[in-house]
Amino acid sequence: MGSAQMQSVRDQGPASHDDAIVSRNPATGEVLGEVPVTSAADVKAAVARARAAQRDWAKVPVAERARRVLAFRDEILTRAEEVIELISREGGKTRLEALGMEVLVAVDLATYFCKRAEGILAPHPIPLHLLKTKKSYLHYVPRGVVGIISPWNFPFSIPLGETIMALIAGNGVVLKPSEITPLIAVKAKELYDACGLPRDLFQVVTGRGPTGAALIDGGVDQIIFTGSVTTGKKVAVACGERLIPCTLELGGKAPAIVCADADLDRTANALVWGAFANSGQVCASVERVYAHEAVYDELVQKIAERTRKLRQGNPLDDGTDVGAMTWDQQLAIAEDRVKSAVASGAKILVGGKRKATGPGMFFEPTVLTDVKQDMDVMRKEIFGPVMPIMRVRSEEEAIGLANDSHLGLTAYVFTKDREKGRKIAERVEAGTVMVNDVLFSYGAPETPWLGVKQSAVGRTHSDDGLRDLCQTRHIAVDRIAPKREMWWYPYSPRTYGFMLKAMRLLFRAKKRR
Ligand code: NAD
């Protein structure tokens, strides 16, 4: 389908305008609904309402908060198929992906943190190595209102996971979902309202970039942003001006290093899924493969065979492996990356173009060979179903190429030698490196989701991620209370002499033999 034809599919029905956003099914062009564009004044009012509700919520003991949030999880469980269908319709991913990568992830995360939050947020003692007359500990206090700004590629698991953690930590939440997939957030609010939690504590404000900017300016105490590097930098500046903490989860360009001793069947299966799940619109997608020359030909053949067998089509059909892309502009980016790589000498082994017939935004699962490190397809995020594979002479070369990137979210290493895999993983510059697997760790709530270089600032998920949604305060209490401490007034030569002697005694360097 040419882009003019594509445009005509997108143009059917009402169009989005300044006051409203129309949501469409990317697989069919069908209009799904409309949401308002929230004004800056209304965003501010939503934050104020969340703050008022949060004051009482913060007084509820952690265990009780967790018990009440479990009712939200139960509502999601009960209405799971309704949620899955909407995720699939609005986002274009298959129903299995909507279940496994979205709803299941949120349900498991809610269960994990509801069970453990009381322990994770319990006061944390700091034994003082010198000042034995004092007792210190860390005390975790809710931040207040957390603003969450989210992308369209995982419109349920990303904002809902963050929302659930923020609520358990005692905060109110105002969520600004992506303008490309707003209906799923509206549905999440409907489920939330049905389970008896304080209504104003969690709110959804729909809109585009300016609504997100208004949320940062609306009096929130923390921002959790997930999206592109370009927007992330703007968010960091805006939060910096207001001196509010922000967590930034940004783009990825995940390399996969395939060693000469890799299990090639497992590797090919993992890479094909890792590159094409959710049509490659995953921040952790396999975006470049560096395969050792000893196994390159066989691996490429196995990947091509598996890719050719993928069934692309309506995401709601049971037989579909790869659904639609979510956003026409992202499809155009993926298409451009492939075209520019081919113009520079890359070869298309499988796929390489938009689906030619029928409505909807489909880009064929694409395997590229003969790629070079300086091509855009190897350097810039693709965020589409495209897997470029490059031949390397050694694992050393692969590590060097993997690290030659401004991004560092996830990376993958394939080898039968787990010890070697671990050593290579430790040398790769990424927030998460998996050995013989791909993508899975976002679904493991106890592990941190983080990145290095321009891929992230801060982290979400994990016990530390829950604590990050609190102010960490240090409390120091005296065990015994003399009339005065030695270092208080009045100063005297006697105290000086005593302190000097004590310091030398305590810290004297051991005599060298
Ligand atoms: P985006 O940056 O265009 O938009 C993200 C959100 O920011 C949207 O809700 C948008 O309306 C809002 N926004 C835009 N301008 C803003 C501004 N000035 N102030 C505040 N908010 C503003 O990103 P996208 O296209 O929705 O998402 C795709 C990107 O997200 C990819 O780069 C992908 O790698 C990244 N991503 C990262 C992770 C991760 O965990 N690291 C997860 C998913 C997606």
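Two strands pair if DSSP finds at least two bridges between them; strands (E, at least two residues) and helices (H or I, at least four) are DSSP runs numbered from the N terminus. The model is predicted, so that local features need pLDDT of at least 70 and side-chain atom pairs pLDDT 80 or more, while totals for chains, interfaces and linings use all residues. Residues are numbered from 1 along each chain as its sequence is written, and side-chain values use heavy atoms, without hydrogens and water.

**Exercise 1.** Determine which strands pair with S6 (residues 172-176), and how the chain reaches them.

Solution. Step 1: S5 (residues 145-149) runs parallel to S6, joined by 5 bridges. Isoleucine 148 has leucine 175 of S6 as its bridge partner. The chain passes from S5 through helix H6 (residues 157-168) to S6 in a right-handed β-α-β crossover (clockwise from the first strand over the helix to the second, with the strands pointing away from the viewer).

Step 2: S7 (residues 202-204) is also parallel to S6, with 3 bridges; valine 174 is partnered by glutamine 203 in S7. Helix H7 (residues 182-193) carries the chain from S6 to S7, again in a right-handed β-α-β crossover.

**Exercise 2.** Establish whether the residues of S6 are buried or exposed, and which way they point.

Solution. Step 1: buried means under 20% relative accessible area, exposed over 50%, and partly exposed in between (1.4 Å probe, protein chains only). In S6, 5 of 5 residues are buried.

Step 2: in a regular strand, side chains alternate between the two faces of the sheet. Gly172, Val174 and Lys176 point one way, and Val173 and Leu175 the other.
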